[in-house]
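Visitor: I would like a close look at one part of this structure, followed by whatever can be set out around it. Please take it step by step and keep the wording plain.

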Amino acid sequence: MEATRSIDLTPSTHERGTPTQSDGDDELGFDLDPFLAAVPDRIGEYSIEKLIGAGGMGRVYKAEHRRMARIVALKTMAPDRMQDESSVLRFYAEVRAAARLLHPNIVTAFDAGEYESTHYLAMEYVEGESLSQLVTRQGPLPVAEAVRILRGAATGLACAHAAGIVHRDVKPGNIMVAQDGTVKVLDLGLATIRSDPAHRPSRKGRLVGTFQYIAPEQLDDPDAADPRADIYSLGATFYYLLAGRSPYEGEMMDQLRLHRDGPLPDLFHVRKDVDLRLDHIFQRMMAKRPQDRYSSIVELLEELHSWQLTAGSNHWLSHWMPNLSPGEVPTNDSDPSTATNPYTVFGIDLGMTYISAAIADPSGAVELVDAGGPGQALLRAAISSNEGKLSLGEAALANRIDHPQSLAHCVQLYIGQSRVDRKILDQQCPPEVLLAMLLQHTRATAWGRKGRPTVAAITLPACYDQLHRRSIHQAAQLAGFESIRLVDRGLAAAHSQLEPTLAASPIPLPHETQHWLVVSLTGLACEAMVVRHLSGRIQTLASAGSWLTGQLVWQRRMVDLIAERCKKMHGIDPRDRLRDAIRLQQASERGMSDLLLRTSTQLQFRSGGRQLTIPVERSLANEAGEGVIQSLLEYVSEAVMQSGITTDQFQRVLLIGSLSRMQAVRQGIQDLIGNHCELIPMERRALAQGAALAAAAELPGRAGEVGPPLSAATYDLGLVAYTTGDSQPRTLPVIPRGSTLPARTGRRLSRIKESGQKSITVVESAGGVGRPWRSLGSHPLLPSEINRNQEAIFEVDFDGLLTIRIRGAETGETVRLPPLPTPSLGLEKQREWAIWVRDATLAK
């Protein structure tokens with residue numbers, strides 16, 4: 001490989017505070033002695049004050065325009081380069097690139113020309129220092145300052161990319177911070193302009209860029225680099241700001257190999273004041289394959305904006321991490337936290353019938369709180385109103401018999417419907433609104449602290465699809481939570497077992513590998529999850545389940561069996577009258593709880609004006625749950641098979657939900673995987689604690705060896721399309737279930753048949769054994785002459801939520817499409833209901 005320019009062999013050695021602007025080659029960083037280069041008095045209309053930088057391609061002077069009295073940075077070609085046609089062409093390519101751009105975050109070009117055979121470019125003179133100087137003087141930067149600089153540089157590059165310009169040499173020496181704090185991108189000496197007729201392809205084997213920050217694709221074909229190459233280099237620069245060194249170390253060839261094939265740098269562990277979402281942004285920027293990075297720098301800016309919004313207040317990270325001394329880099333053993341960690345996570349286990357809560361912080365401290373109020377660990381998930389008075393929890397259930405039409409419980413049953421057929425404060429509310437009221441009430445009773453939590457970590461079944469996940473997320477937004485993390489309930493259960501005060505069995509050693517089975521049988525969720533513990537982290541290997549069956553299905557069947565027995569014994573069917581049916585259901589619920597401990601029980605309830613007694617055996621409960629148990633065991637078998645783990649490798653089984661403790665369920669699990677595993681029932685509060693600890697492990701200031709859990713996609717996502725040669729549409733796989741989240745992939749729309757198809761339809765596997773597909777919705781296709789050069793980008797984030805963007809293959813511009821499925825509440829309605837929820841709960 002011929003290494004021709006912009007190869008920084010040594011770190012910059014700028015004199016502190018000296019304003020310098022690179023010429024795009026070597027950064028000398030100090031005024032050159034006269035014997036190195038004679039400084040002319042004048043070049044054209046410019047009076048030269050001093051030489052401020054030089055390299056193989058030329059020199060940069062501080063100069064003043066004689067008529068306008070404007071101070072500029074004057075870049076000139078080196079005399080020996082003026083005889084090289086390719087160097088001259090490249091110099092004027094930079095001139096043309098600079099002339100296209102006028103943006104506060106890009107050094108402005110004022111003038112260009114030739115004077116006595118000297119080619120020059122007059123640019124804005126920036127009083128400030130390059131990032132190389134800044135980090136050399138100050139050391140690794142605080143996270144807030146590094147993100148601010150990243151956003152400024154990205155904003156400038158977005159302007160360049162919109163003009164069809166790829167920088168190709170983004171690095172700390174080519175980004176400056178002015179004295180007023182403005183971030184400036186400079187040196188377009190290696191930039192390419194796709195539409196420039198004078199653009200000449202580089203020779204193969206030529207290294208174009210700076211090897212400490214170069215994108216892998218630039219190593220093979222510099223001219224194939226598109227805006228995503230700049231994103232990679234900007235990510236490497238971001239690492240430099242936070243770590244005080246380039247992402248990879250070693251000799252030149254070692255670094256080039258690592259850029260191409262090495263593991264991604266682990267920023268999350270290098271800096272303990274970086275949260276997991278910011279680390280994900282960094283990982284996306286430095287992905288080896290261009291298609292795995294952000295589609296455009298505008299998308300990166302959107303993600304940074306979203307991160308800053310969800311990070312909390314404007315002072316989320318500012319000045320919390322003390323500045324490090326020059327050259328000092330935080331290690332895994334360092335603890336940057338202050339005496340009291342400012343970040344708190346409010347964990348909520350949002351069950352169908354009960355809600356529990358806990359509070360945790362990144363230090364690993366966890367606090368038990370009462371979700372139902374003082375002395376009440378759990379909140380009954382019920383809402384009612386009577387004569388204009390709102391009631392929640394047990395108080396709401398007191399209206400179950402006398403005012404059933406004004407009582408809403410098991411609200412998650414109604415997700416997907418526009419309204420719940422119960423009136424609360426004279427309103428028929430969407431289910432998201434009622435869930436928001438429950439969440440807000442939980443915070444009001446259990447939070448007990450000033451301000452708001454940094455993050456609300458809410459559990460949900462892993463088998464919840466896009467519709468259910470969006471509804472829960474929207475409910476949390478309506479409840480006023482600013483930063484929301486959806487945590488699969490099975491992962492929350494497993495993560496809780498890494499906390500000494502919560503663990504029911506010995507905690508695995510830090511580097512010990514264990515495999516656990518998590519079995520959930522809750523309100524409307526019947527699922528199994530295989531997780532692995534390794535190096536202090538829990539990872540989902542496989543899951544299977546369905547939200548169409550679960551505890552409620554079992555209980556309904558139990559009610560029917562008891563009603564039939566009541567008819568035979570007493571000649572009365574309690575289901576004939578609403579009040580009697582409710583009493584029967586209440587008695588059945590109590591009976592199911594009794595049968596967890598006893599082989600038989602006596603149910604007593606009123607029906608037809610009489611007090612009735614019905615004997616019930618555990619065998620009747622097993623008969624009622626036969627179909628549910630069979631489905632659950634099928635999900636266990638499927639999850640174990642998909643994980644590739646043999647049954648003798650499991651160390652423990654975690655049981656979620658009261659009915660998962662039924663002897664028939666336990667025996668069925670042991671028949672499948674053997675009797676060697678310990679079966680551990682999980683308490684509801686442990687689920688909230690696990691969710692809080694899992695989210696806290698993603699935040700800055702984390703301590704110890706326990707890392708955040710790694711979740712996986714629980715559904716397959718596909719794209720229904722006509723493709724070349726097909727007469728019928730078929731499903732093109734997009735993101736398969738089991739993909740570690742966040743997951744991202746793209747599909748070229750040029751593959752889609754141009755005739756006959758007006759839209760693209762996104763589908764999702766329905767879960768469970770067989771997993772048929774169901775549609776999430778469609779988006780119209782652009783005209784064929786446009787979509788031929790476009791790509792659909794699919795991403796499933798940490799919360800399991802899908803985002804779709806359309807990217808122009810030539811321009812790199814991206815457009816974010818509306819979410820699928822379409823949220824039940826639009827933005828305006830969401831604002832209205834948020835106010836209603838706030839006012840209703842405050843009035844209570």
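Guide: A residue is called buried when its relative accessible area is under 20%, exposed when that area is over 50%, and partly exposed in between. The model here is a predicted one.

With that cut-off, start at helix H13, which covers residues 489-496. Of its 8 residues, 8 are buried, so helix H13 is largely enclosed by the rest of the structure. The buried residues begin with Arg489, Gly490, Leu491 and Ala492. They continue with Ala493, Ala494, His495 and Ser496. In general, an α-helix has 3.6 residues a turn, so residues three or four places apart point the same way.

Two cysteines can be judged by the same cut-off. Cysteine 429 has a relative accessible area of 0%, which is under 20%, so it is buried. Cysteine 566 also counts as buried, because its relative accessibility is 0%. As for bonds between cysteines, the structure holds 0 disulfides.

Next comes the second largest pocket, with about 830 Å³ of space. Its lining is made up of 36 residues, and the closest to the centre are Thr353, Tyr354, Gln551, Ser658 and Arg684. Three helices each give two or more residues to this lining: H14 (551-570), H15 (578-594) and H19 (684-696). The largest share, 6 residues, comes from H15. Sorted by kind, the lining residues are 14 nonpolar, 12 polar and 10 charged.

Helix H14 also holds valine 553. The relative accessible area of valine 553 is 30%, which lies between 20% and 50%, so this residue is partly exposed. Valine 628 is 75 residues away from valine 553 in sequence, yet their C-alpha atoms are 7.5 Å apart in space.

Now for the strands. An open sheet has 3 strands in the order E19-E18-E20, with antiparallel pairing. Strands E19 (389-392) and E20 (407-409) stand at the edges with a single partner strand each, so one side of each has no neighbour in the sheet. From one strand to the next, the twist averages 15°. Strand E18, residues 382-386, is joined to E19 by 4 bridges. Across that pairing, asparagine 386 stands opposite lysine 389 of E19.

Histidine 403 sits in the loop between helix H10 (394-397) and E20. Its relative accessible area is 32%, between the two cut-offs, so histidine 403 is partly exposed. Between the C-alpha atoms of histidine 403 and serine 385 there is a separation of 8.8 Å, with their positions 18 residues apart along the chain.

Another open sheet has 4 strands, ordered E34-E37-E38-E39, and its pairing is antiparallel. At its edges are E34 (743-748) and E39 (814-816), each of which pairs on one side only. Neighbouring strands in this sheet are turned against each other by 25° on average, direction ignored. Strand E38, residues 802-808, runs antiparallel to E39, and 3 bridges join the two. Arginine 807 has threonine 814 in E39 as its bridge partner.

To return to the starting point: helix H13 has 8 of its 8 residues buried, whereas valine 553 in the pocket-lining helix H14 is partly exposed.

Key. Residues numbered from 1 in each chain as written. Predicted model: local features only at pLDDT ≥ 70, side-chain atom pairs only at ≥ 80, totals over all residues. Heavy atoms only, no water. 1 Å grid on protein atoms, 1.4 Å probe; cavity = no way out; pocket = protein on both sides within 12 Å on 5 of 7 lines; lining within 4 Å. Points joined across faces, edges and corners; volume = space filled by probe spheres on them. Nonpolar A, V, L, I, M, F, W, Y, C, P; charged D, E, K, R; others polar. Pairing = 2+ DSSP bridges. Axes fitted to C-alpha atoms, helices over the stretch in contact; angles between N-to-C directions. Buried < 20%, exposed > 50% of the residue type's maximum accessible area, 1.4 Å probe, protein only. Disulfide = S-S within 2.5 Å.
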